Amino acid sequence: ITTTAFACIFQCLFCQQVQQSCNSSSANPEEPSEEHQDCEMVKMTKSKTFQAYLPNCHRTYSCIHCRAHLANHDELISKSFQGSQGRAYLFNSVVNVGCGPAEERVLLTGLHAVADIYCENCKTTLGWKYEHAFESSQKYKEGKFIIELAHMIKDNGWE
């Protein structure tokens with residue numbers, strides 16, 4: 001995490017220096033000089049990653065490793081799922097997760113096309129997203145998310 005944070009700070013400082021250099025060496029700040037033609041590319045590709053925060057008034061689930069919010073309790077569909085590392089919950093929707101490529105896997109309930117999901121903040125693999133269910137009885141899972149209990153904690157308003 002420290003390396004990633006350092007790289008991000010370095011990249012942001014570099015982008016700011018390049019943009020300042022572009023603007024100061026050009027007669028028209030809207031048009032970069034010939035020597036800084038690539039500055040427009042830097043401006044266009046520079047992006048920030050924002051972390052979504054769920055409302056404090058709701059019970060939420062967070063990443064156990066970095067405390068990034070993952071899901072609202074209202075999005076919980078079922079607590080009776082099995083992940084690769086033990087019990088898991090099925091959610092309708094999640095936040096702050098990235099999705100890997102889909103692949104076919106034979107799970108306890110049959111063949112599914114699933115994509116691993118990971119925490120956008122700390123990059124820990126949390127579970128998977130059901131992309132496609134091959135059996136008609138399993139179609140309700142399509143577009144839903146599995147998060148393993150080993151990777152999440154309860155936050156906000158739990159008694």
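# Close-up views of the predicted model

**View 1. E103 and R105 pair up in a salt bridge, with 2.8 Å between their closest N and O atoms.** For a salt bridge, a side-chain nitrogen of Lys or Arg has to sit within 4 Å of a carboxyl oxygen of Asp or Glu. E103 is partly exposed, with a relative accessible area of 39% (buried is under 20%, exposed is over 50%, and partly exposed is in between, using a 1.4 Å probe and protein chains only). The pair isn't on its own: D116 joins E103 and R105 in a network of salt bridges. Keep in mind that this is a predicted model, where local features need pLDDT of at least 70 and side-chain atom pairs count only at pLDDT 80 or more, while totals for chains, interfaces and linings use all residues. Residues are numbered from 1 along each chain as its sequence is written, and side-chain values use heavy atoms, with hydrogens and water left out.

**View 2. Zooming out, the protein has 2 helices and 9 strands.** Helices (H or I, at least four residues) and strands (E, at least two) are DSSP runs, numbered from the N terminus. Going along the sequence, the order is α-α-β-β-β-β-β-β-β-β-β. The protein has 159 residues, and 36% of them are buried. Across the whole structure, a search turns up 5 salt bridges.

**View 3. K123 has a positive phi and also takes part in a salt bridge.** Where does K123 sit? Look in the loop between β6 (110-119) and β7 (125-133). K123 is not a glycine, yet its phi is about 70 degrees. Its side chain meets that of E120 in a salt bridge, at 3.4 Å from N to O. Are these two partners buried or partly exposed? K123 counts as partly exposed because its relative accessibility is 49%, and E120 is partly exposed too, at 31%.

**View 4. R67 is another residue with a positive phi, this one near 70 degrees.** Like K123, R67 isn't a glycine. You'll find R67 in the loop between β1 (60-63) and β2. With a relative accessible area of 49%, R67 is partly exposed.

**View 5. The side chain of N72 reaches the backbone of D74.** A polar atom of the N72 side chain lies 3.0 Å from the backbone nitrogen of D74. N72 belongs to strand β2, which covers residues 69-72. Its relative accessible area is just 12%, so N72 is buried.

**View 6. H151 makes polar contacts with two other side chains, H65 and Q85.** The distance is 3.2 Å to the side chain of H65 and 3.5 Å to the side chain of Q85. A polar contact is a pair of N or O atoms within 3.5 Å; within protein, one must be able to donate a hydrogen and the other to accept it, and residues adjacent in sequence count only if both atoms are side-chain atoms. H151 is in the loop between β8 (145-148) and β9 (152-155). Despite that loop position, H151 is buried, with a relative accessible area of 8%.

**View 7. K139 and E142 meet through their side chains in a salt bridge.** From N to O, the gap is 3.3 Å. How accessible are the two residues? E142 counts as partly exposed at 28%, and K139 is partly exposed with a relative accessible area of 35%.

**View 8. R59, K79, R87 and K154 make up a positive surface patch.** Patch residues have over 30% relative accessible area and no salt bridge, with like charges joined within 9 Å and nonpolar side chains (Val, Leu, Ile, Met, Phe, Trp, Tyr) within 5 Å. Lys and Arg count as positive and Asp and Glu as negative, leaving out His and the chain ends; each charge is placed at NZ of Lys, CZ of Arg, CG of Asp or CD of Glu. One member, K79, is in strand β3 (residues 76-83). K79 is partly exposed, with a relative accessible area of 40%.

**View 9. V106, L111 and F134 form a nonpolar patch on the surface.** Together they have about 280 Å² of accessible area (Shrake-Rupley method, 1.4 Å probe, with only the protein chains shown counting as cover). V106 is part of strand β5, residues 97-107. At a relative accessible area of 70%, V106 is exposed.
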